[in-house]
Amino acid sequence: MHPFDLNYMADKTVELCRIPSPTGYTEQAITWMENEFAALGVPTYRTRKGALIATLAGQETERTRCLTAHIDTLGAMVKEIKGNGRLKLTRIGGYSFQTIEGEHVTIHTASGKAYTGTVLVTKASVHVFAQEHYKQERDEHTIEVRIDERTTSRAETEALGIGVGDYVSLDPRSMRTPAGFVKSRHLDDKACAAILLGVAKAVKEGEIKLAATTHLLISNYEEVGHGASVFPATTAEMIAVDMAAVGEGQTSDEFSVTVCMKDSTGPYDYELSRRLQAIAASEGIALKMDIYPSYGSDASAALRAGGEFKAACVGPGIDASHSFERCHEESLLETARLLLAYLTR
C-alpha cells in the first residue's frame, strides 16, 4: 500500500495548470506553490531570481539531495500592435504556431489589467478566403491575436493599455476524465510540481525518515534553458523531475515513470540512473527507460552552471508534449513512488 493521495496530486496538477505562468511571469504560480508547501508544514525560501526551494529534513545533512520541477510554461509576448488593432506575437518556449491556432488567450498588461482574445491566422474565415485559408502558412507572420474589445486600429488597442512586451498566456483547458486521464496545456512541468507536493505530503503526514536532507527546487526559467542554474551548494545528487515524452520511437507511455538516460545535452549519470532503475524493479514500480534527442532538463542547466553532483532525469509519461498534453494518474503515482523510494535509501 502506497502512502500517496492520488486525488491530491491530480487535483493540484489541474489547479496549478490553470494559473498563468509563461516564463518570466511566474510570481502567481510561485506564490501558490509557496502556500501549498506552507500548508504541509514544509519551510521554503526564494532565490534571487525568484525560484522556490522547499526543504525536507533527512539524516545526512552535508551531502544533500535535490529534486527539481519547473512551473514556468510556454506562452508568448506582444511583439507588435498591428495596424488593424490585432497583436503579433513572439513565442516563449519551443512550440509550433499551428498548435495554438484557435486557442483562447489572456493578455496581461503592465497596469495589471487583463484582456481575453483568440489566436487566429490572418486569413481565418474559409468563407472569405476559401483555398487561401487552407494553404496559408502558420508562422509568426500569419498568426495574430484578435482582442475581445472594440478595436480596429493600433491607436484603439494602445488606448486599452496593451503594449509591446505584455505577456500572453494560453488557456490550458485543464480537466480530469472519468478514465483517469489528466489533459491540459502545461502538464510540462506542472504535473511534476504537483508530484513533488504529493511526495512532501506523504513524507510529512507519514513522518517518513529520509536518507538525506532533500531540497525541492521549483524553478521558473526552465523553458528558456537556465531554470535550475542556482541550487543549494550542498547538493550531491540532483534529479530533474520532468515530463517523459510519449510518441513514435519512444518507450515512454502515459501509465509509467520514465528514467531518461540521455537527451540533447548528453547522458545523465550512469550510476544514479541505474540505481533508480534497480529501485523501481525492487519496488514493482512501472518503469520505462528512454532517450530524448530533442529535450533538456533543469539538471542539464544546473550541470552547465557548474554543478558538481550526480544528475538524473525522471518523470511521468506525457503525450503530445508542447501541444495539448495528456497523462494518466497512474504515471503521477508511479513517479511519486520512485522518488520516495529513492529518498528513503
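## Helices, pockets and unusual backbone sites

H186 is found in the loop between β11 and α6, and in this predicted model the residue has a phi near 75°, a positive value in a residue other than glycine. With a relative accessible area of 7%, H186 is buried, because the cut-off for that class is under 20%. Two places further along, the peptide bond from D188 to D189 is cis, with omega near 15°, and D189 already belongs to helix α6.

A second positive phi outside glycine is found at H322, where the angle is near 60°. H322 lies in the loop between β18 (310–319) and β19 (325–328), and its relative accessible area of 21% makes the residue partly exposed.

**The cavity and the pockets**

H186 and H322 both appear in the lining of the largest cavity, which also includes D188, one partner of the cis peptide bond, together with L74, Y95, T99, I100, L170, R185, E223, S323 and E325. A search of the whole structure finds one cavity of 30 Å³ or more, and about 70 Å³ of space lies in the largest cavity. By class, the lining of this cavity is evenly divided into four nonpolar, four polar and four charged residues.

H322 has a place in an open space as well, for the largest pocket, with a volume of about 460 Å³, is lined by 24 residues, of which M243, S294, Y295, G296 and H322 are the closest to its centre. The elements that give two or more residues to this lining are β14 (244–246) and α8 (298–304), and the largest share, three residues, comes from α8.

The second largest pocket holds about 170 Å³ of space and is lined by P43, T55, L56, A57, G58, Q59, V203, K204, E207, I208, K209 and L210. Here β2 (52–56), β3 (58–70) and α6 each supply at least two residues of the lining. The table sets out the volumes and the classes of lining residues for the three spaces.

| Space | Volume | Nonpolar lining residues | Polar lining residues | Charged lining residues |
|---|---|---|---|---|
| Largest pocket | about 460 Å³ | seven residues | eleven residues | six residues |
| Second largest pocket | about 170 Å³ | six residues | three residues | three residues |
| Largest cavity | about 70 Å³ | four residues | four residues | four residues |

**Helix α1 and what covers it**

Helix α1 has twelve residues, 6–17, which at 1.5 Å a residue should span 16 Å, and the distance of 17 Å between its end C-alpha atoms agrees with that expectation. At the N-terminal end of α1, D5 acts as a cap, with a side-chain oxygen 3.3 Å from the backbone nitrogen of N7. The buried residues of the helix are Y8, M9, A10, K12, T13, V14, L16 and C17, and what covers them includes α2 (27–40), β10 (175–176), β11 (181–184), α6 (187–206) and α9 (329–343).

Of these covering elements, α9 has 15 residues and reaches 21 Å from its first C-alpha to its last, close to the 21 Å expected at 1.5 Å a residue. Because 13 of its 15 residues are buried, α9 is itself largely enclosed by the rest of the structure.

**Contacts joining α1, α2 and α6**

Two buried residues show how these helices meet. K201 has its place in helix α6 and, despite being a lysine, counts as buried at 15% relative accessibility. Leaving aside residues up to four places away in sequence, K201 touches D5, Y8, L40 and G206, so that its contacts include D5, the residue that caps α1, and Y8, one of the buried residues of α1.

L40, for its part, lies in helix α2 and is also buried, with a relative accessible area of 15%. With the same exclusion of sequence neighbours, L40 touches Y8, L197, A200, K201 and K204. Among these partners, Y8 is a buried residue of α1, while K204 is one of the residues that line the second largest pocket. The pairing of distant parts of the chain is also seen in L40 and E205, which are 165 residues apart in sequence and 8.3 Å apart in space, C-alpha to C-alpha.

Conventions:
Residues are numbered from 1 along each chain as its sequence is written. This is a predicted model: local features need pLDDT of at least 70, side-chain atom pairs count only at pLDDT 80 or more; totals for chains, interfaces and linings use all residues. Side-chain values use heavy atoms; hydrogens and water are left out. Helices (H or I, at least four residues) and strands (E, at least two) are DSSP runs, numbered from the N terminus. The expected span of a helix is 1.5 Å times one less than its number of residues. Buried means under 20% relative accessible area, exposed over 50%, partly exposed in between (1.4 Å probe, protein chains only). Contact means heavy atoms within 4.5 Å. A polar contact is a pair of N or O atoms within 3.5 Å; within protein, one must be able to donate a hydrogen and the other to accept it, and residues adjacent in sequence count only if both atoms are side-chain atoms. On a 1 Å grid over the protein atoms alone, a cavity is a set of points where a 1.4 Å probe fits but cannot get out, and a pocket is an open set with protein on both sides within 12 Å along at least five of seven lines; lining residues have an atom within 4 Å of a point. Grid points are joined across faces, edges and corners, and a volume is the space filled by probe spheres set on the points. Ala, Val, Leu, Ile, Met, Phe, Trp, Tyr, Cys and Pro count as nonpolar, Asp, Glu, Lys and Arg as charged, and the others, Gly among them, as polar.
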